[in-house]
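Q: I have just opened this one and could use a guided tour. Where should we begin?

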Amino acid sequence: MPPPRTREKALRHRLAELRGPEVQAKALDARALAALAANPGCRRRAILDGAGVNKAVLADALGSPSVFGQSQFAFVRGNAFEAKVKADGGTELLRLAHEKLDRAAEPPADARVPDLAAQGPQGRTARTELALREATEAPGVWTLLDHPMLALDVAGSPAFLEPDAVVVHPDGSWTVVEIKSFPMLDGAADPAKVGAAARQAAVYVLALEQVAARLESAPRVRHRILLVCPKDFSNLPTASAVDVRKQRAVTSRQLDRLTRIEEIADTLPEGTCFSPELPAEQLAESVESVPAAYAPECLSACELAFHCRDRSRAEDMVTRLGRPVRAELGGLTTIGDVLAAARGEAGDPDDPAVAALRRAAALRAEALATAAPEVAPCP
């Protein structure tokens, strides 16, 4: 077996071939890593993200343009809200962290806000690690790191991540802060949006854990993050503590899988390439050579969702009905198989999914027969 450094070099070369030698790699960010964790069975997304393929450009080249992403209005509104939350040295943000996460500590009267400016992502990452070390070694003081830079090892190369903020508590523990512009109404926010924020924060938690492990006395990285949002319909900030242990575990498993993307790459046909410069037919063939795990949730998380949905519809796959339905249908993978099983034309009667479908079809037929009104003859 070749040494690890040789294997990593060979993998990077292979991924560059898949991306196209003339195409610049798109760096992974926390949103992309969180989306991977949300759909860990999608080998297509794993290899495309691992190779640094720009999926938005790829979707355009395939003729299925993506509308995934944040609107300019939401982007501006989010930046304005974040600036308000962090005003006056993060006084309000630290007050919320004290109230929601650490009431036993002294209130954050004289917090530190270190300067994290440095040249390039590597420089900013080193400066962030130094600031975290200094803050941890100064107990009894609150510290706010505004837009720190973290590095997370992904597929043998660093992914540079930039959380909204990280708070160092007086006891030396660290908390990730996520600032979102969607509202909390009566203390609760949209569960789907909170879930997406939690998955993104879990990526930052993993990156912080890697930093903590390099320190002599590893500080505690808290698994309850601070989610800051506008209160009701105002622009006033409120917050909630969100436990991300489940999301962190899922993301960690998916990243472990992603570091073995050479296994996916080895199954691809020779000459496979995802360069948008290729003819549309050849590009589509390359994309289809990697299995996808499409679900309706992909529409809000992946730039290739429209392409995969069209293919799922063309192939009559049950995955387009959603993961819960797919899980209930067992080995029935197409809509045609499901209908045939329900009508008694195919399928093993001992299969629980087939038996359930036939019972449902019989009950439906009985209900329709009972409810159907008698049609009186025309006079």
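A: A definition helps before the strands come up: two strands pair if DSSP finds at least two bridges between them. Please keep in mind throughout that this is a predicted model.

Q: Okay, so how many bridges join strand E5 to E6, and do they run parallel or antiparallel?
A: Strand E5, residues 174-179, is joined to E6 by three bridges, and the two strands run parallel. Within E6, the residue that stands opposite Val 177 is Leu 226. On the way from E5 to E6 the chain passes through H8, and this β-α-β crossover is right-handed.

Q: And what about E6 and strand E7, in which sense do they pair?
A: E6 and E7, the latter spanning residues 237-243, pair in the antiparallel sense, with seven bridges. Among the facing residues, Val 228 has Ala 239 in E7 as its bridge partner, while Arg 224 stands opposite Asp 243 in E7.

Q: What's in the turn of that hairpin?
A: Six residues lie between E6 and E7 in the hairpin, and Asp 232, which sits in the turn, has a positive phi of about 50 degrees.

Q: Is E6 mostly covered or mostly open?
A: Strand E6, residues 224-230, is mostly covered, with six of its seven residues buried.

Q: Switching topic: which residues touch the most other members of the largest nonpolar core?
A: That core has 69 residues, and those touching the most other members are Leu 33, Ile 47, Leu 152, Leu 161 and Trp 174. Helix H8, residues 191-213, gives the most to this core, contributing twelve residues.

Q: What does Leu 33 touch, then?
A: Leaving aside residues up to four places away in sequence, Leu 33 touches Leu 28, Leu 152, Val 154, Leu 161, Val 203 and Leu 255. Apart from the largest core lies another core of 17 residues, which includes Leu 93, Ala 97, Leu 101 and Leu 144.

Q: Which residues of H2 are buried?
A: Helix H2, residues 30-38, is mostly covered, since seven of its nine residues are buried. They are Ala 30, Ala 32, Leu 33, Ala 34, Ala 35, Leu 36 and Ala 37.

Q: Last one: what caps the N-terminal end of H2?
A: Asp 29 does, with a side-chain oxygen lying 3.3 Å from the backbone nitrogen of Arg 31.

Technical notes: Residues are numbered from 1 along each chain as its sequence is written. This is a predicted model: local features need pLDDT of at least 70, side-chain atom pairs count only at pLDDT 80 or more; totals for chains, interfaces and linings use all residues. Side-chain values use heavy atoms; hydrogens and water are left out. A nonpolar core is a set of buried Ala, Val, Leu, Ile, Met, Phe, Trp, Tyr and Cys residues joined through side-chain atoms within 4.5 Å. Buried means under 20% relative accessible area, exposed over 50%, partly exposed in between (1.4 Å probe, protein chains only). Helices (H or I, at least four residues) and strands (E, at least two) are DSSP runs, numbered from the N terminus. Contact means heavy atoms within 4.5 Å. A crossover is right-handed if, with the strands pointing away from the viewer, the path from the first strand over the helix to the second runs clockwise. A polar contact is a pair of N or O atoms within 3.5 Å; within protein, one must be able to donate a hydrogen and the other to accept it, and residues adjacent in sequence count only if both atoms are side-chain atoms.
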